[in-house]
Amino acid sequence: MTDEVWDYVLASGPFPSNSNIPKENLLKLRHSFNYFYPMDIRSSGKDLIPNHLTFAVYNHAALFPEEHWPLSMRANGHLMLNGKKMAKSTGNFLTLRQAINKWGADATRLALADAGDGIEDANFDDTTANASILRLHTLIGWCQESVDAGAGYRTGDLTYHDRVFQEEFINLAAETKRHYEATNYKDALKSALYETLMARDWYREVTFEEGMHSDLVRQFNRTLALLMAPITPHVSEHIWTSILKEEGSIQTARWPDAPASYQACPDLLAAGEYMRGTLKTMRDAEILLMKKKAKKGAQGGPAAYDPSAAKKSVNIFVASRFPAWQDESVEIMQKAYDEKTGTIDDAQIKEELAAKGLLKDKRIMPFIQLQKKRIGQIGAEATFRRQLIFSEVEVLKLLIPYIKKNLKLTDVTVMTVEEAKSTSAAPDTSLEQAEPGSPSFNFYNP
């Protein structure tokens, strides 16, 4: 094994003419090296950053051309057990074999994925492992029940709620893929299991009248099994082969990428988030009214709305434009925003506000701080545009049956602020609280 031989195998050099090693053997060595190099990732503990991992980078840079350098290096923290450092001397210690015997392979893997990523120490928690057993059995039960009840599900064209649900789990599949590729397994578990099941639960509840769509339920179960396969391979395999009756092993199945003809519909994602958020806001508003009723009852005064009454109704008011002071504030922020640096000139904002006599308005500075946060979350363009990408009135009208059922209401009426003003359906104070994407409510007893 001369230098010329090593250059041929490792550095794509010329074939060594003076070597007595058969050419087919050297070709096999060279092919094997080129197959495995460059390595996709080198993963190790954070304590090896100043020595082993650093010198691994140096050695590769010294020996190989750049195309053979490692593609990534990953350092992780140590593993704690129930929030404490593992140590045999204290008895806070667990071997992999003990964990598998106690919780099974997939529940252990799920708890490890949930323990955390990155350079901070991860924490394996017994309670998470115990809960994982029930969670996985519940998942298997859901898949089996949905297959057994498949004939009773709805077929035909997709409704609006169907399309929202489909868009959500397609989007979550793409998000999960990004997390796996970044080796962020806790985030992958969140999008692959927890958020996916939350989307399913909402879909199941909101379609209580017409029922779920047969094709979507099967597509969802198939996607869920594939998303979870890297973390829970045995449960996913069972769902894939024994319940869904898919051909072959899930280990050889392709990732559930969206088809080439797929067109992303961000308006459906936004509408789904809006529906869930609005229902929660309505529930919180009614709880607040219940507290006010209890307080007034204790003081001997009458309450305008009785949440415990047999008949309850609500008017929902939708605004088509933002308050003028908000529009002025956003316009001032936009002028002070530097696209190149992505920063906002606070001094310029204060000067503009003072020039327009808005500086004393106590609502404005908290609002501007909120918009700054939104820029970091969704970008400057979306923050400054401030337009809904779906029809708020139409979405709320589709949600009326579920609002009635969930909040036990007799009647739900959706109207614009302009319609409410023309009919005196509510006091102006209620109408002024409505903003695009954030309706106001007027609960009453008919």
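# A guided tour of the predicted model

Begin by selecting strand 3, residues 79-81, together with strand 5: the two pair in the parallel sense over 3 bridges. The coordinates on screen belong to a predicted model. Within this pairing, pick L79 and look across to strand 5, where its bridge partner is A122. Now widen the selection to the sheet that holds these strands. Its 3 strands form an open sheet in the order 4-3-5, with mixed pairing. Strand 4 (84-85) and strand 5 (122-124) are the edge strands, each pairing on one side only.

**The whole chain**

Next, zoom out and display the full protein chain. Its secondary structure comes to 18 helices and 10 strands. The radius of gyration is 30 Å, well over the 22 Å that the globule rule gives for 446 residues, so the chain is more spread out than a compact globule. Aligned on its principal axes, the C-alpha trace spans about 100 × 65 × 55 Å.

Colour the chain by accessibility at this point. Of the 446 residues, 36% count as buried. The chain exposes about 25,600 Å², and carbon and sulfur atoms supply 53% of that area. If charged side chains are shown instead, there are 53 positive and 58 negative charges, and the mean positions of the two sets are 6 Å apart. A contact map adds a further view: among contacts between residues at least 6 apart in sequence, 69% join residues at least 24 apart.

**Strand 6 and its two partners**

Select residues 313-318, which make up strand 6. How many of the residues of strand 6 are buried? The count is 6 of 6, and the strand is accordingly described as mostly covered. Show the side chains to see the two directions in which they point. S313, N315 and F317 point one way from strand 6, V314, I316 and V318 point the other way, and all are buried.

Add strand 9, residues 411-416, to the selection. Strand 6 and strand 9 run parallel and are joined by 6 bridges. In this pairing V318 stands opposite T416 of strand 9. Then add strand 10, residues 440-444. Here the strands run antiparallel, and 5 bridges join strand 10 to strand 6. S313 of strand 6 stands opposite Y444 in strand 10.

**A buried glutamine**

Move to helix 14, residues 364-378, and select Q371 within this helix. Is Q371 buried or exposed? Its relative accessibility is 4%, so Q371 counts as buried, the cut-off being under 20%. Displaying its neighbours, with residues up to four places away in sequence left out, shows that Q371 touches M333, T383 and R386.

**The loop between helix 1 and helix 2**

Select the segment between helix 1 (3-10) and helix 2 (23-36), and centre on P14, which is found in this loop. P14 is exposed, with a relative accessible area of 69%. Leaving out residues up to four places away in sequence, P14 touches E4 and Y8. For a sense of scale, draw a distance from P14 to F390: the C-alpha atoms are 63 Å apart, and the two residues are 376 apart in sequence.

S12 lies in the same loop, between helix 1 and helix 2. Its relative accessible area is 44%, so S12 is partly exposed.

**Backbone geometry worth inspecting**

Most residues other than glycine have a negative phi, and most peptide bonds are trans. Three places in this model can be checked against that background.

- S12, already selected, is not a glycine, yet its phi is positive at about 55°.
- K408 likewise has a positive phi of about 55° although it is not a glycine. To find K408, go to the loop between helix 16 (392-407) and strand 9. K408 is exposed, with a relative accessible area of 63%.
- Y37 and P38 are joined by a cis peptide bond, with omega near 0°. P38 is found in the loop between helix 2 and strand 1 (42-45).

**Last stop**

To close the tour, select K408 and strand 9 together. The loop that holds K408 leads from helix 16 to strand 9, and strand 9 is the parallel partner of strand 6. From there, return to strand 6 and follow its 5 bridges to strand 10 on the antiparallel pairing.

How values were computed. Residues numbered from 1 in each chain as written. Predicted model: local features only at pLDDT ≥ 70, side-chain atom pairs only at ≥ 80, totals over all residues. Heavy atoms only, no water. Helix = DSSP H or I, 4+ residues; strand = E, 2+ residues; numbered from the N terminus. Rg over C-alpha atoms; globule rule 2.2 N^0.38 Å. Buried < 20%, exposed > 50% of the residue type's maximum accessible area, 1.4 Å probe, protein only. Contact = heavy atoms within 4.5 Å. Areas by Shrake-Rupley, 256 points an atom, 1.4 Å probe, with all protein chains shown as cover. Lys, Arg positive; Asp, Glu negative; His and termini not counted. Charge placed at Lys NZ, Arg CZ, Asp CG, Glu CD. Pairing = 2+ DSSP bridges.
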